[in-house]
Amino acid sequence: MNATPDVIIQEVCPRDGLQIEPVIVSTERKVALIDRLSELGFPRIEAGSFVSPRAVPALADGDAVFRSIVRREGVIFVALIPNLRGAERALAAGADELNFVMSASVTHNRVNMGMDHEGSLSALAEATAATGGRIHVNATLATAFGCPFEGQQDEGKVLRLIEAYLRLGAQSITLADTTGMANPKLVRRRVKSALGLVPRDGLTLHFHNTRGLGLVNVMAGFEAGALRFDASLGGLGGCPFAPGASGNVCTEDLVNLCEEVGLNTGIDLEGLIALSRELPSIVGHPVPGQVAKAGRSCDLHPAPPTPP
Ligand code: COA
Ligand code: ZN
């Protein structure tokens with residue numbers, strides 16, 4: 001478990017997973033979930049967001065969550081922000097890293113953030129200035145592989161927006177497939193182009209399994225040179241402002257895939273499966289992940305008796 005990971009997985013369940021849930025999980029349960037996750041070997045956990053509480057009531061307690069979680073050496077606790085106000089709240093609550101979000105699709109950005117690109121980009125500039133260089137700023141480009149309102153997103157536009165992010169002080173970027181519209185061919189192309197602008201450890205891929213392509217997109221991204229991936233415990237997640245949104249790539253399914261093909265993640269798969277099996281009691285419904293239901297492929301069953 002201590003070898004350098006071949007794949008860096010950022011756990012996003014406390015943010016992406018819980019933001020779409022109709023049930024508001026209590027601060028105490030969120031903190032307990034994050035503390036359990038941080039014992040499992042994740043190098044990075046997106047622990048909450050600092051957005052308008054009217055937009056996402058489920059995560060209105062980001063300040064209390066960040067102040068209450070146990071800080072574990074080697075774990076970076078990331079906060080999603082949409083604007084300067086979010087950056088200031090995240091800094092005050094002690095976030096280790098900011099994750100600014102804007103959508104490649106202007107239509108989705110207006111629906112999700114109430115802003116056009118100019119508004120969001122000036123918010124990024126204000127947020128990076130507010131950090132005074134004290135903490136890392138990542139910038140996510142949502143709908144980078146397709147938008148539920150606009151459809152396909154032009155590659156040139158995606159690259160220009162990445163360049164704008166870097167110019168405005170973002171130190172790394174995430175390409176997000178908000179509603180699972182990516183496919184392996186598109187992923188390979190996007191990763192190759194993005195790696196012309198950012199180094200390998202400055203690019204994260206964030207896939208949703210909306211159309212069942214989440215894990216194949218991860219593998220296509222990895223084979224094209226990407227190293228860092230977001231995933232959510234149990235496969236929970238989705239954007240509340242994207243019709244038809246559904247869960248992220250499931251973390252334990254991804255860790256299992258990595259183990260099966262000999263890629264080290266540094267994450268304790270058995271512990272992860274045990275934690276995922278507790279999720280239905282936290283969110284009040286079954287979750288989409290598969291490995292927590294089936295067990296690992298090395299978890300064998302006794303054969304039923306056969307006739308003599
Ligand atoms: N944290 C807390 N409150 C915030 C805030 C933040 N980061 N940013 C704005 N607000 C508050 C304002 O003070 C205002 O409150 P009031 O009505 O009580 O005065 C209210 O939110 C609306 O703010 P306004 O500046 O008028 O913007 P808006 O209504 O157009 O909303 C965003 C813009 C960006 C704040 C909002 O769309 C948002 O939070 N979006 C995030 C959506 C999200 O998290 N999606 C999933 C993750 S990608
Ligand atoms: Zn997402």
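H4 passes H6 in a right-handed crossing; a crossing is right-handed if the near helix is turned clockwise from the far one by less than a right angle, and left-handed if anticlockwise. This is a predicted model, in which local features need pLDDT of at least 70, side-chain atom pairs count only at pLDDT 80 or more, and totals for chains, interfaces and linings use all residues. Residues are numbered from 1 along each chain as its sequence is written, chains are lettered from A and ligands numbered from 1 in the order in which they are written, and side-chain values use heavy atoms, with hydrogens and water left out.

Helices (H or I, at least four residues) and strands (E, at least two) are DSSP runs, numbered from the N terminus. Two packed helices are described by the angle between their axes and the distance between the axes. Axes are lines fitted to C-alpha atoms, for helices over the stretch in contact, and angles run from 0 to 180 degrees between N-to-C directions. The axes of H4 and H6 (residues 117-131) cross at roughly 25° and come within 8 Å. H4 and H6 are therefore roughly parallel to each other. Angles under 35 degrees count as roughly parallel, over 145 as roughly antiparallel, 65 to 115 as roughly perpendicular and the rest as oblique. On the H4 side, the contact (heavy atoms within 4.5 Å) uses Leu84, Ala87 and Leu91. H6 meets them with Ala123, Glu126, Ala127, Ala130 and Thr131. By class, six of these residues are nonpolar, one is polar and one is charged. Here Ala, Val, Leu, Ile, Met, Phe, Trp, Tyr, Cys and Pro count as nonpolar, Asp, Glu, Lys and Arg as charged, and the others, Gly among them, as polar.

Helix H10 (residues 251-260) takes part in two further packings. With helix H11 (residues 269-276), the angle is about 160° and the axes lie 10 Å apart. That makes H10 roughly antiparallel to H11. Their crossing is left-handed. Thr251, Glu252, Val255, Asn256 and Glu259 of H10 meet Leu269, Leu272, Ile273 and Ser276 of H11. This contact holds four nonpolar, three polar and two charged residues.

Helix H9 (residues 214-223) packs on H10 at about 45°, with the axes 11 Å apart. H9 is therefore oblique to H10. The crossing of H9 and H10 is right-handed. Leu215, Val218 and Met219 in H9 meet Asp253, Leu254 and Leu257 in H10. Five residues of this contact are nonpolar, none is polar and one is charged.

Open and enclosed spaces were examined next. On a 1 Å grid over the protein atoms alone, a cavity is a set of points where a 1.4 Å probe fits but cannot get out, and a pocket is an open set with protein on both sides within 12 Å along at least five of seven lines; lining residues have an atom within 4 Å of a point. Grid points are joined across faces, edges and corners, and a volume is the space filled by probe spheres set on the points.

The largest pocket has a volume of about 550 Å³. Its lining comprises 35 residues, with Val51, Leu80, Pro82, Asn112 and Met113 nearest the centre. Helices H1 (13-19), H4 (84-93) and H5 (106-113) each supply at least two lining residues. Strands S2 (44-49), S4 (97-103), S5 (136-142) and S6 (172-177) each do likewise. The lining divides into 15 nonpolar, 14 polar and six charged residues.

The second largest pocket has a volume of about 280 Å³. It is lined by 19 residues, and Asn209, Gly235, Gly247, Asn248 and Pro288 are closest to its centre. Seven lining residues are nonpolar, 10 are polar and two are charged.

Two cavities of 30 Å³ or more are present. The largest has a volume of about 50 Å³. Among its lining residues are Gln10, Arg44, Glu97, Asn99, Arg228 and Asp230. S4 and strand S8 (228-231) each give two or more residues to this lining. One lining residue is nonpolar, five are polar and four are charged.

The second largest cavity holds about 40 Å³ of space. Pro14, Lys30, Ala47, Gly48, Ser49, Leu59, Asp61, Gly62 and Val65 line it. S2 and helix H3 (62-68) each supply at least two of these residues. S2 contributes the largest share, three residues. By class, this lining has four nonpolar, three polar and two charged residues.
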